[in-house]
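Student: I've got a structure open and I'm not sure how to read it. Can we go through it together?
Tutor: Sure, let's put it on the screen and start with the contacts.

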Amino acid sequence: MGILEVQGVNKAFGGLKALSDVNLNVEENTIHAIIGPNGAGKSTLLNCFIGKLIPDTGSVVFNGTSLLGIKPHEINQLGVSRVFQTPEIFSDLSVFENVMIPCFAKRDGAFKLNALSRVLGQRDVREKAEQMLVDVNMADKRDMIASSLSRGDKRRLEMAMCLAQDPKLLLLDEPTAGMARADTNNTIDLLHEIKSKRDITMAIIEHDMHVVFSLAQKISVLAQGTVIVEDMPENIKGHPKVQEAYLGTPAEG
Ligand SMILES: Nc1ncnc2c1ncn2[C@@H]1O[C@H](COP(=O)(O)OP(=O)(O)O)[C@@H](O)[C@H]1O
Ligand SMILES: [Mg+2]
């Protein structure tokens, strides 16, 4: 039994079959990568996990609860958090203020930015925010303004904000897209650190094979809307079906 189970998912846009009979099983407390060439259906599949799209047929079950037709704001309450390609942070606020916001929202269910100064005085929320910064190794940067952080540190801050919601499953959509190698490696280290400190499952959509092979314990390869191989990283490298999906069938003769 996986924490995220996808069975027989089909999704068409007009005449175009973006997903056909997708089956996928993400096991609890693992890092599972979903890879595949452009247009394979990765984003479409992710959107079926977070309520942005509803499959035509099939099921998506997280921790025993169907995710079909879920509202995007309900997904956090179920224990699913999502990290976007570009970090979603409040640029004009300090690192600490940024982390206070989800800590407060987690406790009280909602947050208004004009309540920030009041919230900053609340000890339990402050302590949680401090712990989140320790967890991502940013305690020394708590008073920096978010816009002045490096790309890798912005990603760290965003992760601290995600973790404040105590997610069981983290969905990462190309978390290193557009990053320089140093920031990419910083993000890989960060994900390893987080994984070592808490019980969390990660499903990561990623183009960069360096990232995939540095992190994933299991890899599902999507091609033309179907999972063609699901296996351990060592069996994915050099797999003829995977090479064919990326490079095409070798020409005859
Ligand atoms: N909203 C949409 N309307 C029509 N076609 C779409 C839509 N979203 C995706 N597609 C098509 O579905 C296929 C899979 O796309 P996508 O899931 O974005 O692939 P990937 O993320 O793997 O690059 C592509 O052929 C794409 O053009
Ligand atoms: Mg995509």
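Tutor: One idea before we look: a polar contact is a pair of N or O atoms within 3.5 Å. Keep in mind too that this is a predicted model.

Student: Okay. Which polar backbone atom is 2.7 Å from an oxygen atom of ligand 1?
Tutor: That one belongs to Gly39. Side chains join in as well: an N or O atom in the side chain of Lys42 is 2.9 Å from a ligand 1 oxygen, and for Thr44 a polar side-chain atom sits 2.5 Å from an oxygen of the ligand.

Student: How much of ligand 1 does the protein bury?
Tutor: On its own, ligand 1 would expose 560 Å², and 57% of that is buried by the protein.

Student: Which residues surround ligand 1?
Tutor: Among them are Phe13, Leu16, Ala18, Pro37 and Asn38, along with Gly41 and Ser43. Sorted by class, the shell has 5 nonpolar, 5 polar and 1 charged residues.

Student: And which element gives the largest share of that shell?
Tutor: Helix α1, with 3 residues. Both β2 and α1 supply at least two residues each.

Student: Now the arrows. How do strands in a sheet hold on to each other?
Tutor: In general, strands of a sheet pair through backbone hydrogen bonds, either parallel or antiparallel. Here, one open sheet has 4 strands in the order β2-β1-β4-β5, with antiparallel pairing.

Student: Why is one side of β2 left without a neighbour in that sheet?
Tutor: Because β2 (16-26) is at an edge, with a single partner strand; β5 (65-66) is at an edge too, so one of its sides is also left without a neighbour. As for pairing, 7 bridges join β2 to β1 (residues 4-13), and Leu4 stands opposite Val26 in β2.

Student: What about the sheet with 6 strands?
Tutor: That one is open as well, reads β6-β7-β8-β3-β9-β10, and has mixed pairing. At its edges are β6 (80-83) and β10 (226-231); each has a single partner strand, so one side of each lacks a neighbour in the sheet. From one strand to the next, the twist averages 20°.

Student: Where does β10 pair, and how many bridges are there?
Tutor: With β9 (residues 218-223), through 5 bridges, and the two run antiparallel. You can spot Ser220 opposite Glu230 in β10.

Student: Last thing: which strands does α1 lie across?
Tutor: Look at each sheet in turn. Helix α1 (residues 42-49) lies across β1, β2 and β4 (57-62), at about 60° to β2. The helix α1 also lies across β3 (31-35), β6, β7, β8 and β9, running at about 135° to β3. Then there's helix α7 (residues 181-197), which crosses β3, β7 and β8 at about 160° to β8.

Terms used:
Residues are numbered from 1 along each chain as its sequence is written. Chains are lettered from A and ligands numbered from 1 in the order in which they are written. This is a predicted model: local features need pLDDT of at least 70, side-chain atom pairs count only at pLDDT 80 or more; totals for chains, interfaces and linings use all residues. Side-chain values use heavy atoms; hydrogens and water are left out. Two strands pair if DSSP finds at least two bridges between them. Contact means heavy atoms within 4.5 Å. Axes are lines fitted to C-alpha atoms, for helices over the stretch in contact, and angles run from 0 to 180 degrees between N-to-C directions. A residue is near a molecule or strand if one of its heavy atoms lies within 4 Å of it. A polar contact is a pair of N or O atoms within 3.5 Å; within protein, one must be able to donate a hydrogen and the other to accept it, and residues adjacent in sequence count only if both atoms are side-chain atoms. Accessible areas come from the Shrake-Rupley method with a 1.4 Å probe; for residues, only the protein chains shown count as cover. Ala, Val, Leu, Ile, Met, Phe, Trp, Tyr, Cys and Pro count as nonpolar, Asp, Glu, Lys and Arg as charged, and the others, Gly among them, as polar.
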